[in-house]
Amino acid sequence: MKLVFRILILLGVFLVAVSVRADSLLPQASIPLVINKHLDVQKVGMHMDLLEDLGATHSIYDIMQLAQEGEFETSQQYEVSIGTTSSAWWVQLTLENNTADDKRVILKEAYSLVDDLQLWEVKDEQLVMRQSGDMYPFSTREIKVNALSFILDIPADTQKTFFLRYQTNGALSINLNLNSELSLTENLGLQMILQGLFYGALIALAFYNLFIFAVVKDFSYLLYVLYLLSLGLFLSGFNGLTAQYLLPESPWWSNHSLLISWGVTLTMALSFSKHFLNMSLYSPILNRIANVFIVLALGCSIAALFLPYGAVIKVLFLLAPPSYILILVVGIRGMKRGYAPAKYFLIAWSSLMIAAITSTLISAGIIDQLATLSPYIIQWGAAIEAVLLSIALASRIRSLEQDALTDSLTKLYNRRFFDRQLANAVAVAKRQDSSFALMLLDIDHFKDYNDKYGHDKGDLVLQAVAENLLHTARRTDFVCRYGGEEFAVILPDTTIQGAWEIAERVRKTTEELTIEGHSITLSVGIATYDSEFGVDGRELFKWADSSLYSAKEGGRNCVRVYGEVVAY
């Protein structure tokens, strides 16, 4: 009886074995993906089932059993972002060809930083495994592109199931697409054009700003160039281009160059921000925090050569967000204090962060309408950021020039600007056979006021006189603080009579000012330039200074014109 029972069991197993087609060795995914008749690009996301292999120990046979038991879960997103993980992840995918023709398609994993990607299928009634990933030389790839790709043949009017096993030391994202050979070629062509434009623009900006650095010797430009180059190398590694073009047969260096360039990019971003926004002066506490982040980022770049990949990338993942937030906070503070270039700086960094957030939302399936743009959004954000930072640098140079020519207390033009503008006014008058006037003003008894009430009160007087001068002078006039309590105004295309009227208006409006109950008066000296005189700026200044001396000798609070004795 026992023998009969054993024979029946063996017979049953035999009948099951011979009745099962080879394709059914692999259990089907819950939602088969029907191959598009036009063989356009298809997102696989919603048609794949996922299983986490916590110990990364399951064999394909274990996985088949777990699939039969319904342990896989159907994905709810087009792109699954898993983050840093030590687990292996399995994908179950069933493709359906409901046409009368055999179909050849290409399964492409757009996320190129997977260390080891296995594809399991049934061929000739046997389980067959193919392998790809960035831990292998580029020459071993089935299709020589930066994305990890497999060629799949689906017979007519059948369903075929595949299992994919993902394992990587860093962050993991699963972003599978189904392509025809034609659509893959078209997409690769577009990708090459966009990549070429991006990296070409990055290199052009780097050389352009390197040239400017050689001319103006502003260290911010050099830091910006180093940031651009490190950012380009980082994105090249992130997109798989380093493995494809720069280090195709050196997978270890290709992998670790991503960590090295990421650490250097953070270092250069923080260093550039520190110098550009003058962090040490205006935000000393944040500056010290930035210094700590710089040391950590550089440490990660060096540690990448010795420590395990997974350990270093976790530190970088923890370090990057607070570094970028710190940069944004300092940029906001710079804009609030009225630093004009900080506006461009802030918009630039915001564009990169918006791109990163958008890419994350696409990966999560929240804004899947932009899913086809996902590979390019970070690069577009980086390109916009690079251009805006270049504009910010130009604005910074203009701001520095303006600061160099502006008196910090009164916000008027300073002595350096006055000397330059006076020489320019003389040159213009000679060339155009025209005239202009020079007016020198001195606050009466200012030294006594300063000594009696203190320098703080004296500063208030200087600021009040400067503001009144700006409001009283014409828009075409150049109002300057010459030094101490002396001011100078260059009045283009102005006659003696016109200069006197302006001077008298300034004197009267100043006389009406009171600072904490104290009135202010001015002594004014005027000289006019005519091309017939044949004098230079120094001589003209002596004439105006002589007139000012005459006004003081004449009792102060009056106007004197060189060559005339007139008191008002």
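How many bridges pair strand 7 and strand 10, and in which sense, parallel or antiparallel? Strand 7 (residues 103-109) and strand 10 are joined over 7 bridges, in the antiparallel sense. Let us step back before following that pair further.

What you see above is a predicted model, in which local features need pLDDT of at least 70 and side-chain atom pairs count only at pLDDT 80 or more, while totals for chains, interfaces and linings use all residues. Residues are numbered from 1 along each chain as its sequence is written, and side-chain values use heavy atoms, with hydrogens and water left out.

The protein has 568 residues, and 49% of them are buried. Here buried means under 20% relative accessible area, exposed over 50%, and partly exposed in between, with a 1.4 Å probe and protein chains only. Its secondary structure comes to 16 helices and 20 strands; these are DSSP runs numbered from the N terminus, with H or I and at least four residues for a helix, and E and at least two for a strand. Take the contacts between residues at least 6 apart in sequence: 73% of them join residues at least 24 apart. A contact means heavy atoms within 4.5 Å.

Now back to the strands. Strands of a sheet pair through backbone hydrogen bonds, either parallel or antiparallel. Two strands count as paired if DSSP finds at least two bridges between them. Strands 7 and 10 belong to an open sheet of 4 strands, in the order 2-13-7-10, with antiparallel pairing. At its edges lie strand 2 (42-43) and strand 10 (148-154), each of which pairs on one side only. For a single bridge to look up, try Arg-104, whose partner in strand 10 is Asp-153.

Strand 6 (residues 88-97) is another good place to stop. Of its 10 residues, 9 are buried, so strand 6 is largely enclosed by the rest of the structure. Strand 1 (residues 33-34) pairs with strand 6 in the parallel sense over 2 bridges, and there Leu-33 stands opposite Leu-95. Strand 3 (residues 48-53) runs antiparallel to strand 6 and is joined to it by 6 bridges, with Glu-52 opposite Trp-89. Strand 11 (residues 158-167) also runs antiparallel to strand 6, over 9 bridges; in that pairing Leu-95 stands opposite Lys-160.

Helix 13 (residues 446-453) shows how a helix can have two sides. Phe-446, Tyr-449 and Asn-450 are its buried residues named here. They cover an arc of only 100 degrees around the axis, which puts them on the same side of helix 13; the arc is that of the directions from the helix axis to the C-beta atoms. On the other side, Lys-447, Asp-448, Asp-451 and Lys-452 are exposed. The cover over the buried residues includes strand 14 (435-443), helix 14 (455-472), strand 17 (514-515) and strand 18 (518-519). Just after helix 13 comes Gly-454, with a positive phi of about 100 degrees.

Helix 14 is also where you will find Asn-468. Asn-468 counts as buried because its relative accessibility is 12%. Leaving aside residues up to four places away in sequence, Asn-468 touches Val-506, Thr-509, Thr-510 and Leu-513. Asn-468 and Leu-513 are 45 residues apart in sequence, and their C-alpha atoms are 8.8 Å apart in space.

What about the empty spaces? On a 1 Å grid over the protein atoms alone, a cavity is a set of points where a 1.4 Å probe fits but cannot get out, and a pocket is an open set with protein on both sides within 12 Å along at least five of seven lines; lining residues have an atom within 4 Å of a point. Grid points are joined across faces, edges and corners, and a volume is the space filled by probe spheres set on the points.

There are 2 cavities of 30 Å³ or more, and the largest cavity has a volume of about 80 Å³. Helix 5 (241-246) and helix 6 each give two or more residues to the lining of the largest cavity, with the largest share, 3 residues, coming from helix 6.

The second largest pocket holds about 450 Å³ of space. It is lined by 19 residues, and the closest to its centre are Tyr-282, Arg-337, Tyr-339, Ser-399 and Asp-403. Helix 11 gives the most to the lining of the second largest pocket, with 5 residues.
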